[in-house]
Amino acid sequence: MDDLFPPFAPDPNEPKPRRFKPVPFRMIAPNMITLMALCLGLTAIRLAFEGKFEPAVIAIVVAALLDGVDGRVARLLKGTSRFGAELDSLADFVNFGCAPALILYGFALFHLRSVGWIVALIFAIAMGLRLARFNAMLDDPDRPEWKKDYFVGMPAPAGALTAMLPLYLHFLGFSFEKWAAPLVLVYLLAIALLVVSTVPTFSGKTMGKRVPRGWVLPIFLLGVAIFGIAISFPFEVMVAVSLAYLAVIPVGAIQYRRRAKLESLSRPVLPDEPTTGPQAP
């Protein structure tokens with residue numbers, strides 16, 4: 001009977017089982033912020049189904065704020081990763097594509113039945129295409145440094161927040177009855193076209209890296225004032241910010257074209273490159 005169960009002795013030359021290396025917290029913290037934003041987006045969809053549009057909109061606004069924080073936290077902690085970038089894109093599609101489309105459909109577009117649902121689909125898909133194009137452009141090594149000051153098309157958070165302008169107006173007392181559904185449809189379709197367009201919009205990523213010492217205290221006071229106004233009059237502030245952002249888009253496009261023209265004029269002409277104007281005899 002002893003031969004049936006011989007004693008087992010492990011081979012000393014056998015490689016040890018592979019153990020996963022511990023992940024540093026600086027890699028986890030940005031992804032946790034992204035997941036919190038994703039939870040807010042999904043919660044906003046649930047609140048819209050329940051007819052609670054005001055907390056649903058607030059959830060999207062907070063998700064947009066967290067979206068602006070997670071990337072900066074990752075770069076500050078040196079915790080950027082491919083996983084984090086993919087997770088951020090997935091969260092952006094849910095928070096700024098699916099959630100606003102469903103909220104606006106439940107708010108006004110349902111009056112138009114299939115036509116309203118088609119426009120909601122167009123907005124959500126436009127947001128997904130915009131995010132895919134943004135990820136593809138990150139791998140472009142030949143992109144000039146000054147172009148980092150601009151987005152190609154309206155960025156996802158700005159597109160979502162401006163798309164909900166009819167809801168802000170509704171919370172301020174403007175009634176959106178059945179007759180206003182076509183206006184909401186046209187407006188949402190226009191925002192979807194801006195999202196997938198190639199219109200350059202100012203990003204502000206390189207603005208404010210260095211602040212003069214004399215401006216520090218005034219900036220603190222201005223920040224406190226803005227925060228107090230935003231807390232006291234949230235939807236008035238959102239209406240003002242949305243309208244101001246839409247009004248600034250043409251200014252950013254004009255500035256982009258001016259800088260692109262200056263770059264083309266300062267670029268040296270290669271021998272094989274055709275020249276313009278009359279040829280010398």
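## Contacts of a buried serine

Contact here means that heavy atoms lie within 4.5 Å. In this predicted model, S242 is in contact with L161, T162, L165 and Y168, once its neighbours within four places in sequence are left aside. S242 belongs to helix α9, which covers residues 234–266.

Is S242 buried or exposed? With a relative accessibility of 1%, S242 counts as buried, because the term applies to residues under 20% relative accessible area.

## Overall architecture

The protein contains 9 helices and 2 strands. Read from the N terminus, the elements follow the order α-α-α-α-β-α-α-α-β-α-α.

Of the 281 residues in the protein, 32% are buried. Among contacts between residues at least 6 apart in sequence, 82% join residues at least 24 apart. The accessible surface of the protein amounts to about 18800 Å², and carbon and sulfur atoms account for 69% of that surface.

## Annotated transmembrane regions

An unreviewed UniProt entry assigns the feature "transmembrane region" to residues 28–49, 89–108, 114–132, 152–173, 179–202, 214–231 and 237–256. Two of these stretches are described here in terms of the model.

Over residues 152–173, the chain is 68% helix and 5% strand, and the C-alpha atoms at the ends are 35 Å apart. Over residues 179–202, the chain is 67% helix and 12% strand, with the end C-alpha atoms 35 Å apart.

## A nonpolar surface patch

Which residues form the nonpolar patch on the surface? The patch consists of I118, I122, I125, L129, L189, L193 and V196. Together these residues have about 590 Å² of accessible area.

Two helices, α4 (residues 114–137) and α7 (residues 181–196), each supply at least two residues of the patch. Helix α4 provides the largest share, with 4 residues. One member of the patch, I122, is located in helix α4. Its relative accessibility is 36%, so I122 counts as partly exposed. That value also satisfies the accessibility condition for the patch, because patch residues must have over 30% relative accessible area.

## Two residues in summary

S242 and I122 illustrate two accessibility classes in the model. S242, in helix α9, is buried at 1% relative accessibility. I122, in helix α4, is partly exposed at 36% relative accessibility and forms part of the nonpolar patch.

Methods: Residues numbered from 1 in each chain as written. Predicted model: local features only at pLDDT ≥ 70, side-chain atom pairs only at ≥ 80, totals over all residues. Heavy atoms only, no water. Patch = residues over 30% accessible without salt bridge, like charges linked within 9 Å, V, L, I, M, F, W, Y side chains within 5 Å. Areas by Shrake-Rupley, 256 points an atom, 1.4 Å probe, with all protein chains shown as cover. Salt bridge = Lys/Arg side-chain N within 4 Å of Asp/Glu carboxyl O. Buried < 20%, exposed > 50% of the residue type's maximum accessible area, 1.4 Å probe, protein only. UniProt positions renumbered as here; feature names shortened; annotations may be inferred.
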